[in-house]
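Visitor: Please take a close look at a single part of this structure and lead me outward from there. I am a first-year student, so kindly explain each term when it first appears.

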Amino acid sequence: MTDILGYKGKRVIVSGCFSGMGEATAKILLDLGAEVHGLDFKPSALPLASFNQIDLRDAASIEAGVAAIGGKVDALFNCAGLAGGGAFPAMDTFKVNFIGTRHLTDQVVPLMGEGGAIVSIASTGGLGWSRRIPVHMELLQTKGFQAAVDWAEAHPEHVAEGYAFSKEAVIVWTQFMGAHLIKQGIRINCSLPSPTQTPMMATFHATSGKEVVDAAAEPLGRYTTPAEQAGPLVLLCSNAAGGVNGVVPPVDGGFMGGLATGQVDISKMMGKPKADA
């Protein structure tokens, strides 16, 4: 078995290919022999089969980018995103991280066939999803880009600063769509990264506080690299993961396991002093 991942000659799309996890993902896919088409707000320096500039805050931009690629698409990697904490307007963050990502996926799915695969980047910052499933299911009933924008603008109490709720939405949407897209032979999954050393890290430090970010990097004791996050994304859309669908695996160096077993000090992430033993 020489090509267990099965990317050689496959046509794939990577959004967010300019930097960070998206760039690292595109590099791996190129090394594996895939025909990689990039989408981003900023131009990529990678030797891609094509690059189209898009703005995930704008539906027409997304549609034009996908139309320019055309043809059959075997895999979609949704790697574009914005930081939260007030670094960007809340609606911009929510549009890029969820509404635009969903709309991009909706445009690509008709180009896919049996064996197609989709993966998105969520976050351990979206772990509150299970407490708000009814709210997210209401959001998921919206059809199209503008309807989702209208819903979000009508519910600022849920959108808040945009980041956590957007990542929760990606998680619930992934699980919801897993049961639907598999009927067409298309799989969809998403990952939950812990803090990763990307160009956005300075923004996370400024908005959330370094101590809070560092707490989310335990028990590994360091930030992951973009390549460490990209590998699992590539695996999830590969032939080797053909039975994996609708799941949300953590790629967090043991954070969730440590949290569940009391080995991570959650008080640091909540901005509260640790209680005396």
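**A close look from one residue outward**

Guide: E168 is buried, with a relative accessible area of 4%; buried means under 20%, exposed over 50%, and partly exposed in between, with a 1.4 Å probe and protein chains only. Residue numbers run from 1 along each chain as its sequence is written, and side-chain values use heavy atoms, without hydrogens or water. The model is predicted: local features need pLDDT of at least 70, side-chain atom pairs count only at pLDDT 80 or more, and totals for chains, interfaces and linings use all residues.

E168 is placed in helix α7; helices (H or I, at least four residues) and strands (E, at least two) are DSSP runs numbered from the N terminus. Not counting residues up to four places away in sequence, E168 touches G126, G128, W129, R132 and H136; contact means heavy atoms within 4.5 Å. The last of these, H136, is 32 residues from E168 in sequence, yet the two C-alpha atoms are 8.0 Å apart in space.

What does the helix that holds E168 share with other elements? One answer is the largest nonpolar core, which has 45 residues. A nonpolar core is a set of buried Ala, Val, Leu, Ile, Met, Phe, Trp, Tyr and Cys residues joined through side-chain atoms within 4.5 Å. The residues with the most contacts inside this core are F94, F98, L104, V108 and I118. Two or more residues come from each of α2 (59-69), α3, α4 (133-140), α5 (145-154), α7 and β6 (187-193). Helix α7 gives eight residues, the largest share of this core. The contacts of F98 offer an example: beyond its neighbours within four places in sequence, F98 meets L139, L140, S166, A169, V170 and W173. Apart from this core there is a second, separate one of 21 residues, which includes Y7, V12, V234 and L236.

Helix α7 also takes part in the lining of a cavity. Rolling a probe the size of a water molecule over the atoms shows where empty space is left. On a 1 Å grid over the protein atoms alone, a cavity is a set of points where a 1.4 Å probe fits but cannot get out, and lining residues have an atom within 4 Å of a point. Grid points are joined across faces, edges and corners, and the volume is the space filled by probe spheres set on the points. In the whole structure, the search finds one cavity of 30 Å³ or more, and the largest cavity holds about 30 Å³ of space. Its lining consists of N78, A80, N97, T101, S120, I121, K167 and V170. At least two of the lining residues come from each of α3 (90-108), β5 (117-121) and α7 (163-181). By class, three lining residues are nonpolar, four polar and one charged; Ala, Val, Leu, Ile, Met, Phe, Trp, Tyr, Cys and Pro count as nonpolar, Asp, Glu, Lys and Arg as charged, and the others, Gly among them, as polar.

The chain just before α7 deserves a glance. A160 is placed in the loop between α6 (156-159) and α7. Although A160 is not a glycine, this residue has a positive phi of about 50°.

The cysteines come next. A disulfide is a covalent bond between the sulfur atoms of two cysteines. With a pair of cysteine sulfur atoms within 2.5 Å as the criterion, the structure holds zero disulfides. C190 is buried, with a relative accessible area of 0%, and its sulfur forms no bond with the closest cysteine sulfur, in C237, because the distance of 11 Å is too far. C237 is also buried, at 7%; the closest cysteine sulfur to its own is in C79, at 9.0 Å, again too far for a bond.

Next to C237 in numbering is S238, in the loop between α10 (226-236) and β7 (250-251). S238 is buried, with a relative accessible area of 2%. Residues up to four places away aside, S238 touches L5, Y7 and R187; Y7 is also among the residues of the second core.

A contrast in exposure closes the tour. P219, in the loop between α9 (210-215) and α10, is partly exposed, with a relative accessible area of 45%. The peptide bond from E218 to P219 is cis, with omega near 5°. Beyond four places in sequence, P219 touches G253, G254, F255 and V264.

Notes:
1 Å grid on protein atoms, 1.4 Å probe; cavity = no way out; pocket = protein on both sides within 12 Å on 5 of 7 lines; lining within 4 Å.
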